[in-house]
Structure formats: C-alpha cells, structure tokens
Amino acid sequence: MSEQGANLVQSHMTQLSGNAGLTRVPLGVSGLDAVLRGGIPEGRTTLVSGGTGTGKTVLGLQALVHGVMERSEPGLHVAFEEDRRHLAAHAASFGWDLATLERQGLVLLDARPDVDAVHSGSFDLGGLLSVVAARTRESGAKRVVFDAIDVILHLLPSQFDVRRELARMNTWLLESGLTALLTAKPDGAGDVATSALQYLVDCAIELDQQDVAGVAERSLRVVKYRGSGYGEGSHPVSIGPAGFSVGYVRPDALEATEASNERLSTGVERLDTMLGGGYFRGASVLITGAPGTAKTTLASAFAASACARGERTLFVSYDSHSAELVRNLRSVGIDLGHWREAGLLTLESPRAVSGSAESHLMGIRAAAERLEAVCLVVDPLSALVKHGSYETASNVIERLVTWSKAECVTSLFTSLLDGEHPELEGTPMQASTIADTWIHLSYQAHAGERNRA
C-alpha cells in the first residue's frame, strides 16, 4: 500500500474511533431527533437526499431556525438553487421571518452558479469554501446547510472532478468543526455525486414521496449513522404549518407511563354503571357502529362531562361543521356551545379530503398540545382511511393512540362501520385491537321501530 493510501486509511479509522464519544445536535424536527437518538453528529456532515418535493430545503432551513431561536447558535445557509426572495417566501409559509432571523444570527449566502461562466472555463469549490469560511468567522456560525449541492456538482466535467471536489469539501468541513447538512437530489442509479457523498458523510438520510390513491405520502429512512444506533425502517413524514415532522414513536414510549385507576364519567349514568364507574383516565376508547346508532351523541356526552369537570377538551369532527354539531346536539340536551364559550371545549372541523392521514395526525397533536387538552374526541376516526392507504391509516391510528396514552390524554374515537367494508375494524385499520375499551352500537328495525343496542 502506498504512503498516501495508508494515510487515508488512518484518517478514516481516526474519524470512526472519534465517534465513540459522539455528541449529537438536535435539529428541532418533531420525530426526527427521536429517530436519530438525539440529533445529527456534532462537527460532522449529514446528507439529506431525495427527489423534488420531499422536503429537503424545509428540513435544512428548519434545522438552522431551531439553532438560532432555541439554542442561540448562529447558522449559515448556502443556497445553490433558490434566490433569497423565493427562500424568504418559502420560510414565511412556516412562520419563519428570515429578516428577523438574520438579525439573530442566520446568514444567507446566495451561491447559485453562473452557468455561462462555468461553461467557459474550469472551476472548483475552493473559492466558495473560502467565502463560506470568512462568513463563518464573521458570524460565529456553528451550523451550515449546503442546499442543493448537486446543482453545482453536476456542472463539473467528469466523475474524477466530482470526487475531487467532494473530498475537498469533506476535508474542509471536518477541519472547520461545523455541523454540516448537505441536501441533494439523486440523479438516477448512476448518480456519482450522491453515491460518493453517502460514503463520505457520517450520517445519511433518504426522503421519498409516492402517490397512493391520489394522496402524496412522504417517508424518511436513515441509511447510515457512523458510531450510533437509530430508528430503523421507513418513517412517515408530514410537512405542515409548523414545518417538517416525522411520525415516529419510540418503542419504549409507554414504559414510563403509569396506568391510572381513576374512572371518568362517560356522561351517561347507566353506562358508567355498566363500566364500573366509567372510562379509565388516560385510556383509549373506541365506539363503533353503523350510521344513526348515536356514536356522535355518546362521544359528545363524554366531552361535555369532561368540561363539567373543568378539563380542557379537543373535539375533532370530520362529519359535521362545528356550528351544525352544536345545534344538533342541543336537541338531545347536550350543550357543547356553553362549554366552548367557557373556553373548556375546542371544536375543530377539518375535512378528511384536505390532506393525508399523516397531516391530520400532526394537526390533531399540535392542537391538543397547544390547548393543553386533557381529553380528546375524534369523530369519526374512520374518516382517515378515505384517502391514501389502509396501511398508512392503521399506522397513524396506532401512533395517535400511543401518543395520547403517553401524554395521559383520555381519548375517545368513533368509527363508522361501512357496509362495503365490514372488516374495517379488523385487519386494515386494527383500531379495535389497540383500544382499551371498545363499545359497539347497533340497532334493529322491526314493525316501523328502530331499537338501538
């Protein structure tokens, strides 16, 4: 082996052994930090690759925003594809004001290449890295994001040049001590740039997006993390008003949760008697039945009872607008409007067709956390399977139940039994298998009468 080759091997082994005392930097991305067991490696390089629309830019920008706002860590954003105006508009849709963030330590560097100048002569990344180094010293940046690095790498004339410049960048990043995040779009099976990057970086994350039954379902997978374990497998991703979010629940999320023996009234006295005093606090309750069996009425009775105890409650109705819900329930003596005016009840009426099951889950969790809800009602949960796959909906429901139990939020879900899919509560959604209490409502029509049971 040549002396140069031996030095490269020694350098690589030094990098690997250095991960024994690995320090992680949280990205501030819900779910992803848990997947990464705390965050990306500090002072090392992480690659985020994925096709158009998978959320690479959002993820990178969100990591910088978190560093500036939550950890007082200046950050540098190097853009190879978007200009500042488009980037600011993009950030504003998530509530991030770049002008304010710049005053707090965020540095935006427009590094879009002049294609005409590139084609008229050779170039390398040396000049760019010098500029980045200067801006880093000026700002004291701890994090740097190179967004769409593939744009400039694809302008290099040969595979040798691509590998040379990647090695140059990797060496500079290691010497700088910056926590770096590179985003790139793969360009087919023979994509040299992305493949070479995966070998060089300490952590590699792949993003994907697929159309399932007319709904865009995003996912994330960690393919590499030197010196560290991570949440394996593919994890669902949502991009909403708060930014990038990963649907991940730790396997041990419920281990530290104590099972309460406290009973909560169902809102129906005789049902409380049947259940030995009511539902357990922190439990998940499933009410199923065909249309007209009073699922919503029973769910509303529980919500009103919770409010009467002074407990904040979130009621998510997919079938009825909140005003219609309040009006209809007054006919059976349940006044949800009173509790809404008292500030104890929040009614939300999203449309099931307005997004994927993942986006609805993210919205429900965000609303419950914002309101500090103690009780949660979702009516009906089966609305989540109207668009997208049953597999995704089942996964979402399981994580919603796990989250509510881990947070000790007493949750009540209704689900419609569809005549075309009588197995809905069995194999596809599996909601009944993970609920603590399952109540099934039915009715029999005979001699012009409808008797409920």
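The paragraphs below lead through a predicted model, taking up its strands and helices, some backbone details and its cysteines.

A convenient place to begin is the open sheet built from 6 strands, which run in the order E16-E15-E17-E18-E14-E19 with parallel pairing. Strand E16 (345–348) and strand E19 (437–441) stand at its edges, and each has a single partner strand, so one side of each is left without a neighbour in the sheet. From one strand to the next, the twist averages 15 degrees. Within this sheet, strand E17 (residues 375–379) and strand E18 (residues 410–416) are joined in the parallel sense over 4 bridges, and Val377 has Leu412 in E18 as its bridge partner. Helix H15 (residues 357–371) packs on the sheet, where it touches strand E15 (313–317), E16 and E17, and the direction of H15 makes about 155 degrees with that of E15.

The connections around E17 hold two backbone details. Glu372 lies in the loop between H15 and E17, and its phi is positive, at about 55 degrees, although the residue is not a glycine. With a relative accessibility of 60%, Glu372 counts as exposed, because the cut-off for that class is over 50%. On the other side of the strand, the loop between E17 and helix H16 (390–406) contains Pro380, and the peptide bond that leads from Asp379 to Pro380 is cis, with omega near -10 degrees. Both details depart from the common pattern, because most residues other than glycine have a negative phi, and most peptide bonds are trans.

Arg340 offers another view of this part of the chain. Arg340 is found in helix H14 (residues 336–341), and at 36% relative accessibility it counts as partly exposed. When residues up to four places away in sequence are not counted, Arg340 touches Ser322, Val326, Leu345 and Leu347. The C-alpha atoms of Arg340 and Thr313 are separated by 9.4 Å, although the two residues are 27 residues apart along the chain.

Earlier in the sequence, helix H9 (residues 159–176) lends itself to a check of its geometry. At 1.5 Å a residue, its 18 residues should span 26 Å, and because its end C-alpha atoms are 26 Å apart, the model agrees with that expectation. The buried residues of H9 are Asp161, Val162, Glu165, Leu166, Met169, Asn170, Trp172 and Leu173. Seen down the axis of H9, the buried residues fall within an arc of 165 degrees, so they line one face of the helix. The face turned away from that buried side carries the exposed residues Phe160 and Glu175. Just after H9, Gly177 takes a positive phi of about 80 degrees.

Strand E7 (residues 179–184) is mostly covered, with 6 of its 6 residues buried. Thr179, Leu181 and Thr183 point one way from E7, whereas Ala180, Leu182 and Ala184 point the other way, and all are buried. E7 pairs with strand E3 (residues 45–50) in the parallel sense over 5 bridges, and in this pairing Val48 stands opposite Thr183. E7 also pairs in the parallel sense with strand E6 (residues 143–147), over 4 bridges, and there Val145 has Leu181 as its bridge partner in E7.

The loop between E6 and helix H8 (149–153) is the place of Ala148, a residue other than glycine whose phi is positive, near 65 degrees. Unlike the exposed Glu372, Ala148 is buried, with a relative accessible area of 4%.

The cysteines complete this account. The structure holds 0 disulfides. Cys408 is in no disulfide, and the nearest cysteine sulfur, that of Cys375, is 9.5 Å away; the two sulfur atoms do not qualify as a disulfide, because such a pair must lie within 2.5 Å. Cys408 is partly exposed, with a relative accessible area of 36%, while Cys203, at 0% relative accessibility, counts as buried.

Notes
Residues numbered from 1 in each chain as written. Predicted model: local features only at pLDDT ≥ 70, side-chain atom pairs only at ≥ 80, totals over all residues. Heavy atoms only, no water. Buried < 20%, exposed > 50% of the residue type's maximum accessible area, 1.4 Å probe, protein only. Pairing = 2+ DSSP bridges. Axes fitted to C-alpha atoms, helices over the stretch in contact; angles between N-to-C directions. Contact = heavy atoms within 4.5 Å. Expected span 1.5 Å × (residues − 1). Arc of directions from axis to C-beta.
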